[in-house]
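Me: Hey, got a minute to look at a protein with me? I'd like to get a feel for how it's put together.

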Amino acid sequence: MTAATSGPSRASGRSRTSAPSRRPGGAGRPGGFGVAPSRVTAAVVLVVIGLVFAVPLVALAEFTFRQGTDGFTLAHWSAITDPVNAPTYQPVFDGLGASLLIAVLTVAIVLLVLLPAQIITALRYPRLRRVLEFVCIVPITVPVVVLVVGFIPVYQVVAQVFGSDAWTLAFAIGIVSLPFAFRPIAASITAMDMNVLSEAARSLGASWWTVTWRVLLPNLRRGITAACFLTITVVLGEYTLASFLSRTTFQTALVLVQQTDPYVAAIFSLGALVFGFVLLVLIGRVGTSRRSRSKESA
C-alpha cells in the first residue's frame, strides 16, 4: 500500500516540476529575452562610449589653449572680448544672432503647425497618423544637398516676397527638423490615452481650449520640450542650407572666421557643442523630474 501510494506521488512530483517548462499546447515557454550584462561589462561599454565622445572634445578644448609649441595660454579666450578684434569676430556674433532668431522661428513652426497637426490627427483622424508620420520622416531620408536643389527656385520667390535676410531659412530648416521634432511628440502621444482624457474632460463640461491647455499639453510637456531642444540643436548645427542659399548663420560665420583665426572658431565650436550637450541633459532632467512627481502623486 505504501509503495503504491508513493509511486503516483513521485510521478506527480515529477510532473509538477516539469510542468512549468511546457505550455498546455506543447510549446516550451521562453525563459527570457537574454541575459543582462554584468556591471563590469556595462561599465566597460560606458567608458568606451564616453571616450569616443570625450577625446575629440578634450582635444578641441586643448587646441584653444595652444600657443604654437611654447605651451598653453589664455590669450585666445581673452581675444574674444578685446575691442581691437571686434571687426574680425563680428561675423560670428552676427551669425549667432541670426541662428538664434531662426531657432525661435523654427520652434514656433513646430509648436504652431506640427504640434496641432499631431494632436488633431490623434483625436479626430487616427487613420491619417501613418500618413503624417511618413511626411514628417521623409526629410531625414533625403540628403540635404538634394533638398537644397529643390529649395533654390523656391527661395527665389521667398527673396522677392520677404527679402533675403537669414531669418527666411526658418522655412527650410523647419522642414529639415521635422523628423527630430515629430518623434518626441509622437512618443508622448502614444504614452498617454489622449481620447479617454479628452472625453473625460469634455464630459465634465470643459471646452476644447480648456482640454488642450490644461489636460493635453501638460501631459505632452516632455515631448514638446524635447522637440524644441532638438530643433534648436538642428538649427545651430545646420551649415549646408545656409551655405548653398547664401545666408549668414552661426556655422557659415565660423567657417569664415576660421580662415583668419582658427583658435576663436574652435572656441565657438566648443561652446556650441557644450550648449547642445546641456540641452540633452535638460531633456533627461525634464523626463526624470516628471516621473518622480508622478510616483509621488501615486
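Me: Which helix do Glu-133 and Arg-130 both lie in, and how many residues apart are they?

Reply: They both sit in helix α5, 3 residues apart, which is about one turn of the helix. One thing to keep in mind: this is a predicted model.

Me: OK. How far apart are the closest N and O atoms in the salt bridge between Glu-133 and Arg-130?

Reply: Those atoms are 3.4 Å apart.

Me: Is Glu-133 buried or exposed? And what about Arg-130?

Reply: Glu-133 counts as buried because its relative accessibility is 13%, and the cut-off for buried is under 20%. Arg-130 counts as exposed at 55%, since exposed means over 50%.

Me: Which other side chain does Glu-133 meet in a salt bridge?

Reply: Arg-183, with an N to O distance of 2.9 Å. Glu-133 is in helix α5 and Arg-183 is in helix α8, so this pair ties together parts that are 50 residues apart in sequence. Arg-183 itself counts as partly exposed, with 44% relative accessibility.

Me: So what are Arg-130, Glu-133 and Arg-183 linked in?

Reply: A network of salt bridges.

Me: How many salt bridges does a search of the whole structure find?

Reply: It finds 3. One of them is between Arg-66 and Glu-62, where the closest N and O atoms are 2.4 Å apart. Arg-66 is partly exposed, with a relative accessible area of 31%, and Glu-62 is partly exposed too, at 27%.

Me: Back to α5 for a sec. Why does its end-to-end distance agree with what a helix should span?

Reply: Helix α5 covers residues 129-141, so that's 13 residues. At 1.5 Å a residue they should span 18 Å, and the end C-alpha atoms are 19 Å apart, which agrees. If you try the sum yourself, the expected span uses one less than the number of residues.

Me: Which residues of α5 are buried?

Reply: Leu-132, Glu-133, Cys-136 and Pro-139.

Me: And what do those buried residues pack against?

Reply: Four helices: α4 (86-123), α6 (144-162), α7 (169-176) and α8 (178-191).

Me: Cys-136 is on that list. How many disulfides does the structure hold?

Reply: It holds 0. In case the word is new, a disulfide is a covalent bond between the sulfur atoms of two cysteines. Cys-136 counts as buried, with 2% relative accessibility, and Cys-228 is buried as well, with a relative accessible area of 14%.

Me: New topic: the big picture. How many helices and strands does the protein chain have?

Reply: There are 14 helices and 0 strands. Read from the N terminus on, every element in the run is an α.

Me: What share of the residues is buried?

Reply: Buried residues make up 31% of the 298 residues in the chain. As for the outside, the chain exposes about 18800 Å², and carbon and sulfur atoms supply 68% of that.

Me: How much of the contact total comes from residues 24 or more positions apart?

Reply: They account for 73% of the contacts with a separation of 6 or more.

Me: Which residues touch the most other members in the largest nonpolar core?

Reply: That core has 46 residues, and the ones that touch the most other members are Ile-102, Leu-114, Tyr-155, Leu-169, Met-194, Leu-220 and Leu-241. Helix α4 gives the largest share of this core, 9 residues. Apart from it lies another core of 11 residues, with Tyr-89, Phe-250, Leu-254 and Val-264 among them.

Me: What does Ile-102 touch, leaving out residues up to four places away in sequence?

Reply: Ala-166, Trp-167, Leu-169, Ala-170, Ile-173, Val-235 and Thr-249.

Me: Where is Ser-99, and is it buried or exposed?

Reply: Ser-99 is in helix α4, and it counts as buried because its relative accessibility is 1%. Not counting residues up to four places away in sequence, Ser-99 touches Val-235, Leu-236, Thr-249 and Phe-250.

Me: Last one: where does Leu-280 lie?

Reply: In helix α14, residues 262-297. Leu-280 counts as partly exposed, at 49% relative accessibility. Its C-alpha atom is 8.1 Å from that of Ala-226, though the two residues are 54 apart along the chain.

Notes:
Residues numbered from 1 in each chain as written. Predicted model: local features only at pLDDT ≥ 70, side-chain atom pairs only at ≥ 80, totals over all residues. Heavy atoms only, no water. Helix = DSSP H or I, 4+ residues; strand = E, 2+ residues; numbered from the N terminus. Buried < 20%, exposed > 50% of the residue type's maximum accessible area, 1.4 Å probe, protein only. Contact = heavy atoms within 4.5 Å. Salt bridge = Lys/Arg side-chain N within 4 Å of Asp/Glu carboxyl O. Disulfide = S-S within 2.5 Å. Core = buried A, V, L, I, M, F, W, Y, C linked by side-chain atoms within 4.5 Å. Areas by Shrake-Rupley, 256 points an atom, 1.4 Å probe, with all protein chains shown as cover.
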